[in-house]
Amino acid sequence: MEAYNFTEIEKRWKKEWKDKGVYACDLSKPQDKYYTLVMFPYPSGDFLHAGHGRNYIIGDAVYRYFKALGKNVLNPMGFDAFGLPAENAAIKKGVHPEDWTLNNIERMKGQFYDWGMGYDWDKEVVSCLPNYYRWTQWIFLKLYEKGLAYRKKAYVNWCPSCLTVLANEQVVDGQCERCDSVVEQKDLEQWFFKITDYADRLLADIDRLENWPDRVKTMQKNWIGRSEGAEVDFKIEGKEASVTVFTTRPDTLFGATYMVLAPEHPLVLSLVKGTTKEAEVKGFVEKVKKQSAMDRTGEGAEKLGLDTGLKAVNPVNGKSIPVYIANYVLMNYGTGAIMAVPAHDTRDFEFAQKYKIPMVRVIQAPGGGAEDPLAEAYVEDGILVHSDFLNGLSVPEAKARMNEWLGGQKLGKKAVTYRLRDWLISRQRYWGAPIPMIHCEKCGWVPVPEKDLPVTLPRAVEFKPTGESPLKSIESFVNTFCPKCGGAAKRETDTMDTFVDSSWYFLRYVSPRNDQAAFDSKTANEWLPVDQYIGGVEHAILHLLYSRFVTKVLKDLGVINFDEPFKRLFTQGMITKGGIKMSKSKGNSVQPDELIQKYGSDTFRLYTLFIAPPERDAEWDDRAVEGAFRFLNRVWKLFQEVLERPDFKAGGEPKAETEGDKEVRRKTHQTIQKVTQDMTGGFKFNTAISAKMELINLLYDYKDQPGAQTPILREALEALIKLLGPFSPHIAEEMWSRLGGGGNLLNAGWPRHNPAWLKSDVVEIAVQINGKVRTRLSVPAGLDEAAMRALAGTDEKITKLLAGTTVQKVIWVKDKLANFIVKTS
Ligand SMILES: [Zn+2]
Ligand SMILES: [Zn+2]
């Protein structure tokens, strides 16, 4: 018997698929389209390890499944190819970032090939090539035209190790998302995208994303962070100035006993100028600036404050209250100033205790008293006390009443604030898309005309570890002419955040070579939104939020007719080894190349899909890989045996006679149903594989029974091969071809179960056409004639048989054994 020679089988089929271009998607036929997409990778210098493999393998299984269902599936791949590691490699190894990146891409494509990934490479996009970043620059210009790209001076996140600014989304617990350095604050002038203009829509439309994981939706909602409240103006005593605070609790205004400004608040230094506190305030501001956001507002962070000596007037009762600056108030939330109500806010309570500031209870607990002492802040609902015209009202009533009063007195207004800040997109690095702006002494900032795009990255640059962008020293790049007045001018040397590149790449796949537009609008409207997107949950508030924003902007510009990019989202769990995330730096990564050599890529794929429910984290187990390999060997061996049965070539319809026959047919149809349900309902690949293993076990029991029928084994094997296709495509293709399947398995269709066989009591009936038995139907026992007729009317086999005859209708008669026979006349 021929052994399972996976090396030879896989090599041959990979080549055949490539030569035949089986993965090419004809975009001109959008009927029955399906767009599956795995987040495009960063081509790093390391080989992809087995943990990386998971989302690609899931994506490929999904692709092959929808293809088998008969959909016209687009399954492209590309590379998120700009970014800092390329530049660091240039500094360290003296290799040009472009060469380093393109080499890595080639190596990664080789890995994808080895794994048997079904990508349509004709659609490939590479974000660091001018034919792509030209259109990233075009998108920047469109945002600029709309007033959605602007430059401002602000306190921004600075990574001292990456030597560049970062967006808020790239700071995780006070650390750089890429390198984990503690992020500092710097006062710099930078380019921003006005994502806050879309905060309300980005929030409201989350509820339309029915097929997204709840976890991701909640993370986006929290990040956007809408809060309703009021803006209230507080006059500063003895000054012309007033400070606007944002509060979500206008009902507690009578309990405000001090005010706090963020140390970065633009009014702080001017208000204390010339006072005895000036030097002390300046010193405090400098001290706080060195703290990370985590040190300032994280759980358990020490609250530091300073009384500025200034007094503000509480507008509701005219009382004079001290003005503090404190580290726990950030400039980038609300207005950068708060009214502090220590009796009813936990942070204010802690601060007031520390600095001995009085507290006034204005909410009385149900069943409690107005003068109850406070052991901690009372943050629950209750009835208003010590609050003049609000006394006796509930919290919601008091909020509404206070907003009304503030409006009437012109002291404030109802307001909504968002936690979301504008997206900082400029980076002080070389390896990114140049921001297409020119600075002219006379005209200010002038956009590069569209016809002059792309602003190409100069190749001849020197990489030094000085932290300065190499672009700054390339005179031929920097010096240019003003598009407006023609005078001498200077180019922006900052490049764009790579998250801008990835915010629209899914649109480029439908027209990757288009040199007239970023993408063809008609094709984009036909093929998008992406039907199934697959990627890591770590992108929940980064890439996934930015892409939604850019898609909405493009919709508003009229270039596309949809405003959400991804209809369904699947986020895979991570793979751990020894309990920690698999990674090269931790030394616990499994190399797919070694696995493939030992077991073949079909085993690597099968095991990765079998390891656990794909949305969950899973621990890699080398022994279990062998289990997957054994299963494929069992399938192969059984297939050989069936193929060698003397009556195999005779063919024939499966006809269940014995209980054993029936059991196998029942199991076959149950397995088809189970795997189909698992593929459609949440990608339960692991239980789908278990079902196939059960079927194989039963077939092993059955095949050696006397009277085991070859057509029944064949029926089961044919189904199994098709069900195995998305998981382990090479072995499945080989068996399909030896069965004489014809064509490629990818297009051979998905098996359908016969519901009749799912029940345990099934009878077979013969179908006669013009007196001759032409086929048999399996139907549940005990059906009456009407039910039988209904079944026959929808049965494919009968329809097919009748199609070639002059027979018009089906007649049912009872035979001698009181079984139904279908007669046709
Ligand atoms: Zn960093
Ligand atoms: Zn000019």
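## Metal sites, salt bridges and helices in a predicted model

At 14% relative accessibility, Asn686 counts as buried, because the limit for that class is under 20%. This assignment, like every value below, is computed from a predicted model. Asn686 belongs to helix 22, which covers residues 685-703. Leaving aside residues up to four places away in sequence, Asn686 touches Leu609, Phe610, Ala612, Pro613 and Pro614.

### Zinc sites

Two zinc ions are described here. The zinc ion (ligand 1) is held by the SG atoms of Cys159, Cys162, Cys176 and Cys179, at 2.2 to 2.3 Å. The angles among its four donor atoms run from 100 to 118°, and the site is tetrahedral. Along the chain, the donors of this zinc ion (ligand 1) are spaced as C-x2-C-x13-C-x2-C. Of these donors, Cys159 and Cys162 are both buried.

The zinc ion (ligand 2) is coordinated through the SG atoms of Cys440, Cys443, Cys482 and Cys485, at 2.2 to 2.3 Å. Why is the arrangement around the zinc ion (ligand 2) called tetrahedral? Its four donor atoms subtend angles of 107 to 112°, and four donors count as tetrahedral if all angles lie between 85 and 135 degrees. The donor spacing of the zinc ion (ligand 2) is C-x2-C-x38-C-x2-C. Cys440 has a relative accessible area of 3% and is therefore buried, whereas Cys443, with a relative accessible area of 25%, is partly exposed.

### Salt bridges

A search of the whole structure finds 53 salt bridges. Three of the pairs are listed below with their N to O distances.

| Acidic residue | Basic residue | N to O distance |
|---|---|---|
| Glu734 | Arg12 | 3.0 Å |
| Glu231 | Lys413 | 3.3 Å |
| Asp622 | Lys577 | 3.5 Å |

The side chains of Glu734 and Arg12 meet in a salt bridge at 3.0 Å. Because Glu734 lies in helix 24 (residues 729-738) and Arg12 in helix 1 (residues 6-20), this pair ties together parts that are 722 residues apart in sequence. Glu734 is buried, at 4% relative accessibility, while Arg12 is partly exposed, at 35%.

Glu231 and Lys413 also meet through their side chains, at 3.3 Å. This pair links distant parts of the chain, with Glu231 in strand 8 (residues 226-236) and Lys413 in strand 16 (residues 412-418), 182 residues apart. Glu231 has a relative accessible area of 23% and is partly exposed.

In the salt bridge of Lys577 with Asp622, the closest N and O atoms are 3.5 Å apart. Here the link joins strand 26 (residues 575-577), which holds Lys577, to helix 20 (residues 622-643), which holds Asp622, across 45 residues. Lys577 counts as partly exposed at 26% relative accessibility, and Asp622 is partly exposed with a relative accessible area of 39%. Elsewhere, salt bridges that share partners join Asp205, Arg208, Arg548, Lys552, Asp563 and Glu564 into one network.

### Helix 1 and helix 23

Helix 1, which contributes Arg12 to the pair with Glu734, has 15 residues. At 1.5 Å a residue these should span 21 Å, and the end C-alpha atoms are 21 Å apart, so the expected and modelled spans agree.

Which residues of helix 1 are buried? They are Phe6, Ile9, Glu10, Trp13, Lys14 and Trp17. These residues cover an arc of only 120° around the axis and therefore lie on the same side of helix 1. On the other side of helix 1, Thr7, Lys11, Lys18 and Asp19 are exposed. The buried residues of helix 1 pack against helix 2 (50-68), helix 4 (97-115), helix 18 (592-599), helix 19 (601-610), helix 20 and helix 24. Two of these partners appear above: helix 20 holds Asp622, and helix 24 holds Glu734. Gly21 follows helix 1, with a positive phi near 60°.

Helix 23 (residues 710-724) has 15 residues and reaches 20 Å from its first C-alpha to its last, close to the 21 Å expected at 1.5 Å a residue. Because 13 of the 15 residues of helix 23 are buried, this helix is largely enclosed by the rest of the structure.

Definitions and conventions:
Residues are numbered from 1 along each chain as its sequence is written. Chains are lettered from A and ligands numbered from 1 in the order in which they are written. This is a predicted model: local features need pLDDT of at least 70, side-chain atom pairs count only at pLDDT 80 or more; totals for chains, interfaces and linings use all residues. Side-chain values use heavy atoms; hydrogens and water are left out. Donors are N, O and S atoms within 2.8 Å of the metal (3.2 Å for Na, K and Ca); water is not among the atoms, so sites may look incomplete. Four donors count as tetrahedral if all angles lie between 85 and 135 degrees; four count as square planar and six as octahedral if opposite donors are over 155 degrees apart and all others between 65 and 115; anything else is irregular. Buried means under 20% relative accessible area, exposed over 50%, partly exposed in between (1.4 Å probe, protein chains only). A salt bridge is a side-chain nitrogen of Lys or Arg within 4 Å of a carboxyl oxygen of Asp or Glu. Helices (H or I, at least four residues) and strands (E, at least two) are DSSP runs, numbered from the N terminus. The expected span of a helix is 1.5 Å times one less than its number of residues. The arc is that of the directions from the helix axis to the C-beta atoms. Contact means heavy atoms within 4.5 Å.
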